[in-house]
Amino acid sequence: MKQYIRHLSNSLARRVLKLSDLWVAQYWHSFPLGKKPQSDKQTYLQLWEQEKKSSYPEIDRFEQEIGYIVDSLWFHDLALHTQIVIKDSPLCYQHGRILYTVLSQYISLHGKSKSPLTIFETGTARGFSSVIMAKALADANACGKIITFDILPHNQPMFWNCIDDHDCPKKRSELLAPWSELVLPYIIFFEGDSRINLNKVATERINFAFLDGAHTYRDVLFEFEIIAKRQENGDIIVFDDYNEVDFPGLVKAVNQGCECLGYDKRILSVGRDRSYVVATKRKA
């Protein structure tokens, strides 16, 4: 009788999960970012030119201190197609510079072993940060994989609120086609909620992570705890949008996680309203 009840319970759980997946897929596969281009090409280009002229002295000093700097022309070209969007808040894609610099330093210190590096990301979006991290691997001739999660589909044509929307709706794989030499060997795309799927990925070690998914306290702390269990001394997690005003839950989770899970925290600011955190796991 107990086995029969357990079987019914498991069957019901599977059915509910399947229905939930179908509902999520139906929503996120139906042009979730809009059913037409958000603006004309010239507007995207003007926003891009404006952001390229912005000054970020703290990030400049950080790059000089660490000694690794991403190629500027390559960086801004990638950003034009994957970071320049129409939105109310100011544009800023300086996390790409931080990711390249920090990961390049990590590779120089820890990437000489025979084991490939495992990199996790939540919040793939258009793929900007995944491609940045892939370039760091490629430039260092390092072996590794980037496993990136997002609720947005990878192989569903859609408008992405970017300059490429004026060609036609594209799959993410098509949007990133100009950087296929980095995408194909280094990046694995997962579609789904990280709260459901993150624990399913069978890897014992996560060397490096970038967390930019849901910004709630529970989501950030959940991802932090899952990854911390698979990290060793010197491994790194980078957090986006460390902002007490807009994302107090994220700030609370990062602070709590660093204190309780054994991470040193370095805050890098690009202005009054936006900062990033580089969290490095210290010896237990």
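**Exercise 1. An aromatic cluster**

In this predicted model, ring pairs join Phe 75, Tyr 93 and Phe 128 into a cluster. Determine how the rings of Tyr 93 and Phe 128 are arranged and which parts of the chain the pair ties together.

*Solution.*
Step 1. A pair of aromatic rings is described by the distance between the centres and the angle between the planes.
Step 2. For Tyr 93 and Phe 128, the centres are 6.0 Å apart and the planes make an angle of 70 degrees. Planes over 60 degrees apart count as edge-to-face, and the pair is accordingly edge-to-face. The structure holds eight aromatic pairs.
Step 3. Tyr 93 is located in the loop between helix H4 (72-82) and helix H5 (95-110), whereas Phe 128 belongs to helix H6 (residues 128-139), so the pair ties together parts 35 residues apart in sequence.
Step 4. Tyr 93 is buried, at 1% relative accessibility; Phe 128 is likewise buried, with a relative accessible area of 1%.

**Exercise 2. A buried acid**

Establish whether Glu 51 is paired or unpaired in terms of a salt bridge, and state which residues Glu 51 touches.

*Solution.*
Step 1. Glu 51 is placed in helix H2 (residues 41-52) and is buried.
Step 2. Arg 97 carries the nearest side chain of opposite charge, 7.9 Å away. A salt bridge requires a separation within 4 Å; Glu 51 has none.
Step 3. Leaving aside residues up to four places away in sequence, Glu 51 touches Tyr 56, Leu 91, Cys 92, Tyr 93 and Gln 94.

**Exercise 3. Charges over rings**

Identify the rings over which Lys 135 and Lys 252 lie.

*Solution.*
Step 1. The charged end of Lys 135 sits over the ring of Trp 74, 4.9 Å from the ring centre.
Step 2. Lys 252 lies over the face of Tyr 217, 4.7 Å from the centre of that ring.

Notes
Residues are numbered from 1 along each chain as its sequence is written. This is a predicted model: local features need pLDDT of at least 70, side-chain atom pairs count only at pLDDT 80 or more; totals for chains, interfaces and linings use all residues. Side-chain values use heavy atoms; hydrogens and water are left out. Rings of Phe, Tyr and Trp (its six-membered ring) pair if their centres lie within 6.5 Å; planes under 30 degrees apart count as stacked, over 60 as edge-to-face and the rest as tilted. Helices (H or I, at least four residues) and strands (E, at least two) are DSSP runs, numbered from the N terminus. Buried means under 20% relative accessible area, exposed over 50%, partly exposed in between (1.4 Å probe, protein chains only). A charge sits over a ring if NZ of Lys or CZ of Arg is within 6 Å of the ring centre and within 35 degrees of the ring normal. Lys and Arg count as positive and Asp and Glu as negative; His and the chain ends are not counted. Contact means heavy atoms within 4.5 Å.
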